[in-house]
Amino acid sequence: MSSIWHFQNKTALVTGGSNGIGRETVKSIAEAGGKVIFTYNKDSTAAKSLEAECEKYTGSATGYQVDFLSSEELQHFLDSIIKHQEVDYLINNAGIIADSPLYFMKDEDWSNVMQINLTSLFIITKNVLPSIVRQQGAIVNISSISGLTGTRGQSNYAATKAGIIGFTKSIAREAGPLGVRVNALAPGYVETDMIKQVNPKEIKKSVALRRMANATELAQCILFLLSDASSYVTGSVLVADGGII
């Protein structure tokens, strides 16, 4: 499938890029001619296969293993990237879940979700934004409809996704006068490993389109928000949930 987007001579940083939405985003940008740097946590096999898969495209993909629970390791990665190249686009996609009713939620499940989903997003954006300003690029942060509606058993996850929306809108106001657009994508149910525990019958009842999204569909939403097709869109939340809310 040929890409409708064009990212030749552009560099994108995608966090959480080895699987799911991140993986399809990496592939889509590489197919459109872009150079992609992506992070992954533990799945080196998936990362290597993604690099190999992108070799058939005009762009490229290079993975870096980074533990987002370590601010020092994350900062070292960012320093090494920023010293060697400019970044045009940032896609903050990395995230985890650690679901539990609030009464039973462990402190570490709260703090780990906060660190990976929200604090690391702040650290990465703060470090990469100067490059994006110089390149007049764009940022897309991956939120969730959980950040808009809340979800039982996901108070930690929903809090981070709501925080991402507030962060996005604030940074859009700061970066807009500098020529940088910042938007968020709020998916609903997506066919990824993170959603395996959800009953398919429950999805059919709650989604107007009666199905989950596939990760490629969400990647195309991300590329739209990065591209000139959305040149007057900033501080917005694109809801792609198949008709849940």
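Here are some notes on this predicted model, for someone opening it for the first time.

1. **Start with the main core.** The largest nonpolar core has 31 residues. If you want a few side chains to display, those with the most contacts inside this core are Phe 7, Val 26, Ile 29, Phe 38, Ile 91, Ile 222 and Leu 226. Many parts of the chain feed into it: strand 1 (11-14), helix 1, strand 2 (35-40), helix 2, strand 4 (89-92), strand 5 (138-142) and helix 8 (215-226) each supply at least two residues. Helix 8 gives the most, with 6 residues.

2. **There is another core too.** A second, separate core has 26 residues. Among them are Phe 77, Ile 81, Ala 94 and Ala 172. Two of those names sit in helices that come up again below: Phe 77 and Ile 81 fall within helix 3 (residues 71-84), while Ala 172 is one of the buried residues of helix 6.

3. **Helix 8, its length and its start.** Helix 8 has 12 residues, and from its first C-alpha to its last it reaches 17 Å, close to the 16 Å expected at 1.5 Å a residue. What holds the N-terminal end? Asn 214 caps it, with a side-chain oxygen 3.1 Å from the backbone nitrogen of Thr 216.

4. **Helix 8, which side faces in.** The buried residues here are Ala 215, Leu 218, Ala 219, Ile 222, Leu 223, Leu 225 and Leu 226. They cover an arc of only 160° around the axis, so they lie on the same side of helix 8. The spacing is worth a thought: an α-helix has 3.6 residues a turn, so residues three or four places apart point the same way. As for what covers the buried residues of helix 8, the list includes helix 1, strand 4, strand 5, strand 6 (181-187) and strand 7 (237-240).

5. **Zoom in on Leu 226.** Which residues does Leu 226 contact, once its neighbours within four places in sequence are left aside? They are Phe 7, Ile 29, Tyr 89, Ile 91, Ala 138, Val 140 and Arg 181. Phe 7, Ile 29 and Ile 91 are also on the list of residues with the most contacts inside the largest core, as is Leu 226 itself.

6. **Salt bridges between helix 1 and helix 2.** The structure holds 6 salt bridges. In one of them, the side chains of Glu 53 and Arg 23 meet at 3.5 Å, N to O. Glu 53 lies in helix 2 (residues 44-53) and Arg 23 in helix 1 (residues 20-31), so this pair ties together parts that are 30 residues apart in sequence. Glu 53 also meets Lys 27 in a salt bridge, at 3.0 Å. Lys 27 is in helix 1 as well, so here the parts tied together are 26 residues apart in sequence.

7. **Buried or exposed, for those charged residues?** Glu 53 counts as partly exposed, at 24% relative accessibility. Arg 23 counts as buried at 14%, and Lys 27 is buried with a relative accessible area of 14%.

8. **A salt bridge elsewhere, and a network.** Glu 217 and Arg 211 meet through their side chains at 2.8 Å, N to O. Both count as partly exposed, Glu 217 at 32% relative accessibility and Arg 211 at 41%. Back at helix 1 and helix 2, salt bridges that share partners join Arg 23, Glu 24, Lys 27 and Glu 53 into one network.

9. **Helix 6.** Helix 6 (residues 155-175) has 21 residues and reaches 30 Å from its first C-alpha to its last, close to the 30 Å expected at 1.5 Å a residue. Its buried residues include Tyr 157, Ile 164, Ile 165, Phe 167 and Ile 171, but also Asn 156, Thr 160, Lys 161 and Thr 168. The buried residues pack against helix 4, strand 5, helix 5 (146-149), strand 6 and strand 7.

10. **Two single residues to click on.** Ile 82, in helix 3, counts as partly exposed at 33% relative accessibility. Not counting residues up to four places away in sequence, Ile 82 touches Asn 127 and Val 128. Ser 100 sits in the loop between strand 4 and helix 4 (107-135) and counts as buried, at 12% relative accessibility. A polar atom of the Ser 100 side chain lies 3.4 Å from the backbone nitrogen of Met 105. Ser 100 also touches Gly 153 and Gln 154.

How values were computed. Residues are numbered from 1 along each chain as its sequence is written. This is a predicted model: local features need pLDDT of at least 70, side-chain atom pairs count only at pLDDT 80 or more; totals for chains, interfaces and linings use all residues. Side-chain values use heavy atoms; hydrogens and water are left out. A salt bridge is a side-chain nitrogen of Lys or Arg within 4 Å of a carboxyl oxygen of Asp or Glu. Helices (H or I, at least four residues) and strands (E, at least two) are DSSP runs, numbered from the N terminus. Buried means under 20% relative accessible area, exposed over 50%, partly exposed in between (1.4 Å probe, protein chains only). A nonpolar core is a set of buried Ala, Val, Leu, Ile, Met, Phe, Trp, Tyr and Cys residues joined through side-chain atoms within 4.5 Å. Contact means heavy atoms within 4.5 Å. The expected span of a helix is 1.5 Å times one less than its number of residues. The arc is that of the directions from the helix axis to the C-beta atoms. A polar contact is a pair of N or O atoms within 3.5 Å; within protein, one must be able to donate a hydrogen and the other to accept it, and residues adjacent in sequence count only if both atoms are side-chain atoms.
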